[in-house]
Amino acid sequence: MALLHLLSKNASIPFKSHNIFSSVSHFSTSFLITKIPKKFKKKRKKKESPRTKLVQTQPNIIPHFEKILHRDAHFRFLTKTKEYLSKQPEQVLRLDDAGKLHQQLGFPRGRKVLKSILRHPLIFQTYRHSDNKMWFGFTDFMDNLLRTERDLVSELEEQRVEVVRKLLMMSANKRIPLSKIYHNRLLFGIPEDFRDRVAKYPDYFKLVVEDDGKRVLELVNWDNSLAVSALEREFLVDEDKVKRAFKFPLKHGKALELDMEDERKLNMLNTLPLVSPYSDGSKLDLWTLESEKYRVGIIHEFLSLTLEKRAYIHNIVEFKEEFSLTKHTYQMLLKQPRTFYLAGTEMNWCLFLKDAYGDDGELINKDPQVVFNEELYKYADMQELEVDRSVEQK
């Protein structure tokens with residue numbers, strides 16, 4: 001009874017709950033640092049853009065190849081303006097119009113074109129026309145150089161025709177749009193008016209106009225004597241050198257415990273025989289070893305046909321369909337450092353045929369057009385013609 005009385009007495013007392021966090025609720029928490037201050041935050045390394053990221057890193061960089069790309073950039077205005085101006089009426093251009101053609105003339109966007117013109121006083125000159133506007137064109141000295149180049153182009157015409165025939169023989173269906181050959185004409189030394197010269201060679205070429213108006217150049221006759229690659233010719237001279245040119249490693253387990261010589265012999269089973277670039281690569285299964293050997297071989301032969309044994313990405317991609325190339329061409333070429341050197345940035349890389357260059361970075365065999373171009377570059381960097389002092393003294 002006493003217990004019941006006690007419980008009934010306590011029942012009238014309200015129950016007070018006890019929260020373990022209730023005492024904290026009376027205090028402000030605004031003084032607590034809830035975010036890490038900027039100065040203590042770890043700085044994330046910004047991912048480098050493919051536009052600026054170099055293909056090669058130390059110690060793999062070969063300076064003389066990279067130097068050639070710097071030369072290309074240095075003379076971009078000269079080479080592009082020479083091409084553009086040569087096709088203009090009277091070979092002159094109004095300065096106001098030229099200032100809007102930064103892409104066609106190769107000068108930096110937002111810069112004054114006059115600054116680029118004045119860099120090459122032996123090549124370009126400005127003058128005021130009768131319309132009281134400033135114009136620019138070639139100097140008399142440059143006109144003489146251009147005449148020399150035109151004579152040279154005519155002398156080399158047969159060699160250039162042979163190059164085009166070999167390109168057609170390498171291509172799928174033995175046909176290439178004429179526009180592609182024209183866009184890459186400087187790469188092979190093909191003349192500006194090649195589209196008109198085609199008619200002179202009916203035994204070699206046939207010009208077909210498709211329904212959409214596209215002009216396509218087709219091969220007329222196959223020539224076995226031309227269907228020999230540079231690698232095949234090299235094989236007759238130095239067999240071991242060609243065997244070392246490419247590497248297609250054969251996957252094997254570590255349990256085999258192969259030494260270096262045994263591994264080399266095993267890999268050679270994969271490497272040879274190579275697949276001729278003059279075979280039909282479009283019929284090969286895309287991801288087979290034979291298909292990769294074909295693609296590597298065709299790019300090697302493509303570079304062998306160029307003037308400077310090198311080509312930029314846009315030159316190679318232009319012939320993607322004709323040469324059955326894939327989007328993995330870049331990674332494929334990186335795996336062949338013995339033969340190829342990739343220079344420049346990941347977005348605009350240039351591919352070199354290493355064996356075509358000496359240790360000094362000079363081409364071993366120079367095409368006459370290359371010799372002319374180097375002379376032009378020399379004059380382009382001069383402020384005035386150098387006088388032969390020995391002649392002056394006489």
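Which residues in H7 meet which residues in H18? In this predicted model, Phe141, Met142, Leu145, Thr148, Glu149, Leu152 and Val153 in H7 meet Pro368, Gln369, Phe372, Asn373, Leu376 and Tyr379 in H18. The residues of this contact divide into nine nonpolar, three polar and one charged. Helix H7 covers residues 140-155 and helix H18 covers residues 368-380. Their axes come within 11 Å and cross at roughly 170°. An angle over 145 degrees counts as roughly antiparallel, so H7 is roughly antiparallel to H18.

**The protein as a whole**

The protein has 394 residues, and 39% of them are buried. Its secondary structure comprises 19 helices and nine strands. Among contacts with a separation of 6 or more, 65% are between residues 24 or more positions apart. The protein exposes about 26000 Å², of which carbon and sulfur atoms supply 54%.

**A sheet of three strands**

One sheet is open and has three strands in the order S4-S6-S5, with antiparallel pairing. Strand S4 (175-177) and strand S5 (205-209) stand at the edges; each has a single partner strand, so one side of each is left without a neighbour in the sheet. Neighbouring strands of this sheet are turned by 25° against each other on average, direction ignored. Strands of a sheet pair through backbone hydrogen bonds, either parallel or antiparallel. Here S5 and strand S6 (residues 215-219) run antiparallel and are joined by five bridges. Within S6, Glu218 is the bridge partner of Lys206. Helix H8, residues 157-170, lies across S4, S5 and S6 and runs at about 90° to S6.

**The hairpin of S2 and S3**

Strands S2 and S3 also pair in the antiparallel sense, over five bridges. S2 spans 124-128 and S3 spans 134-138. Tyr127 stands opposite Trp135 in S3. The hairpin has five residues between its strands.

Lys133 has its place in the loop between S2 and S3. Is Lys133 buried or exposed? Its relative accessibility is 34%, so Lys133 counts as partly exposed. Leaving aside neighbours within four places in sequence, Lys133 is in contact with Arg94, Asp96, Tyr127 and Arg128. Of these, Asp96 is 37 residues from Lys133 along the chain, and the C-alpha atoms of the two are separated by 8.3 Å.

**Backbone features**

Most residues other than glycine have a negative phi, and most peptide bonds are trans. Asn132 and Asn173 are set out below with their phi, which is positive in Asn132 and positive in Asn173.

| Residue | Phi | Loop | Relative accessibility |
|---|---|---|---|
| Asn132 | near 65° | between S2 and S3 | 54% |
| Asn173 | near 65° | between H8 and S4 | 64% |

Asn132 belongs to the hairpin of S2 and S3. At 54% relative accessibility, Asn132 counts as exposed. Asn173 leads into the three-stranded sheet's surroundings, with its place in the loop between H8 and S4. Asn173 also counts as exposed, because its relative accessibility is 64%.

The peptide bond between Gln58 and Pro59 is cis, with omega about 5°. Where is Pro59? Pro59 lies in the loop between helix H1 (2-11) and helix H2 (63-74).

Methods. Residues numbered from 1 in each chain as written. Predicted model: local features only at pLDDT ≥ 70, side-chain atom pairs only at ≥ 80, totals over all residues. Heavy atoms only, no water. Pairing = 2+ DSSP bridges. Helix = DSSP H or I, 4+ residues; strand = E, 2+ residues; numbered from the N terminus. Axes fitted to C-alpha atoms, helices over the stretch in contact; angles between N-to-C directions. Contact = heavy atoms within 4.5 Å. Buried < 20%, exposed > 50% of the residue type's maximum accessible area, 1.4 Å probe, protein only. Areas by Shrake-Rupley, 256 points an atom, 1.4 Å probe, with all protein chains shown as cover. Parallel < 35°, antiparallel > 145°, perpendicular 65-115°, else oblique. Nonpolar A, V, L, I, M, F, W, Y, C, P; charged D, E, K, R; others polar.
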